[in-house]
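Please load the model in your viewer and keep the selection panel at hand. The tour goes from one helix to a small group of strands and ends with the chain as a whole.

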Amino acid sequence: MSSNVEVNNNVNNGEEQQLVCVTGAGGFIGSWVVKELLLRGYRVRGTARDPADSKNAHLLALEGAEERLSLCRADVLDVASLRAAFSGCHGVFHVASPVSNDPDLVPVAVEGTRNVMGAAADMGVRRVVFTSSYGAVHMNPNRSADAVLDETCWSDYDFCKETDNLYCCAKMMAEITATEEAAKRGLELAVVVPSMTMGPMLQQTLNFSSNHVARYLTGTKKTYPNAVAAYVDVRDVARAHVLVYERPEARGRYLCIGTVMHRAQLIQILKDLFPQYPVTAKYVRDYPPLIR
Ligand SMILES: NC(=O)c1ccc[n+]([C@@H]2O[C@H](COP(=O)([O-])OP(=O)(O)OC[C@H]3O[C@@H](n4cnc5c(N)ncnc54)[C@H](OP(=O)(O)O)[C@@H]3O)[C@@H](O)[C@H]2O)c1
């Protein structure tokens, strides 16, 4: 990740700065999207189901927050709350989603996205950035292990369902819903598709992908599998959201991936960086050749 941050891209020669809304502002990625937008001079309205909860307090301490950030209560299943949140906004960053394989939460991701797109169109929002997931792209057992994946690739829905990867099902359906609703309602849509997202947390509570690392670091996960995963820095993910927002020609999907690593490499990096931690050491050799 480059250390150059383009500051104040959005300063409008004395005119009022653009107002944009970020759903799920207090989460891992949402917080970094808010931070990036504030750094670039936007006025930001962040949504949370309970803005007063201390888990969102870090947002108010961000640079520029005092002048240009407001938080409002919204649930993606409550259309009226979304309409209020999007009122007067040029753009919406729809980041909020349950990150879970709980079957009861699949409709929250999908219907929630339908509600967000509808409310955005109703309120005259021009451009939406939707946060999809690499889980909507790579889960396909019929593809060769050597295949290079790109923005045309989709996971196999039935395979995800059969293997209980309901989060991937939810993200696939939510992304398709966002795309269909955008076409129907005349909204401009750009989709950021991050892989497993790592990096510093602005929030206090451990989110799913940070726990992916923490459980190996602390040894609570006793073994690691013969598997590869794609990883990306959360600061690059946040910047990708703003870059696709700011470029009108950016439409459709943008994979956001930093590197692809075997789990053994991840474990080695953790051991090298944190020798004082009881990093998981045991490898489960479930099938012999090391997956590439
Ligand atoms: N982290 C990754 O590796 C990764 C990779 C690819 C894609 N993504 C996507 O990135 C987005 C953010 O994920 P994250 O990793 O930042 O997870 P996170 O920290 O758990 O954040 C999830 C956010 O969704 C909100 N949310 C959940 N249910 C909601 C509902 N019914 N109404 C309104 N908001 C709701 C939560 O808000 P509350 O404060 O109200 O609970 C929270 O802010 C998700 O769309 C996820 O699918 C994440």
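For the first stop, a residue counts as buried if 20 or more other C-beta atoms lie within 10 Å of its own, with C-beta atoms placed from the backbone. Please bear in mind throughout that this is a predicted model.

Select residues 28–39, which form helix H1. By the cut-off just given, H1 is mostly covered, since twelve of its twelve residues are buried; among them are Phe28, Ile29, Trp32, Val33 and Leu37, and also the charged residues' positions Lys35 and Glu36. Measure the helix from end to end in the viewer: at 1.5 Å a residue its twelve residues should span 16 Å, and the end C-alpha atoms are 17 Å apart, which agrees. Then step just past the end of H1 to Gly41, where phi is positive, at about 95°.

Next, select strands S7, S9 and S11, which form an open sheet in that order, S7-S9-S11, with mixed pairing. S7 (196–198) and S11 (259–262) stand at the edges and have a single partner strand each, so one side of each is left without a neighbour in the sheet. If you look along the sheet, neighbouring strands are turned by 45° against each other on average, with direction ignored.

How do the two pairings differ in sense? S7 and S9 pair in the parallel sense, over three bridges, whereas S9 (residues 228–233) and S11 run antiparallel and are joined by four bridges. To see individual bridges, show Met196 together with its partner in S9, Tyr231, and then move to the other side of the sheet, where Ala229 has Met261 of S11 as its bridge partner and Val228 is matched with His262, also in S11.

Now widen the selection to residues 20–251, the range that UniProt lists, in an unreviewed entry, as "domain: NAD-dependent epimerase/dehydratase". The span is 41% helix and 18% strand, and its end C-alpha atoms lie 18 Å apart.

Finally, show the whole protein chain, which has ten helices and twelve strands. Its C-alpha atoms fill a box of roughly 60 × 40 × 35 Å along the principal axes. With 292 residues, a compact globule would have a radius of gyration near 19 Å, and the chain has 19 Å, which agrees. Buried residues make up 39% of the chain, and of the contacts with a separation of 6 or more, 77% are between residues 24 or more positions apart.

Methods: Residues numbered from 1 in each chain as written. Predicted model: local features only at pLDDT ≥ 70, side-chain atom pairs only at ≥ 80, totals over all residues. UniProt positions renumbered as here; feature names shortened; annotations may be inferred. Helix = DSSP H or I, 4+ residues; strand = E, 2+ residues; numbered from the N terminus. Pairing = 2+ DSSP bridges. Axes fitted to C-alpha atoms, helices over the stretch in contact; angles between N-to-C directions. Expected span 1.5 Å × (residues − 1). Rg over C-alpha atoms; globule rule 2.2 N^0.38 Å. Contact = placed C-beta atoms within 7 Å.
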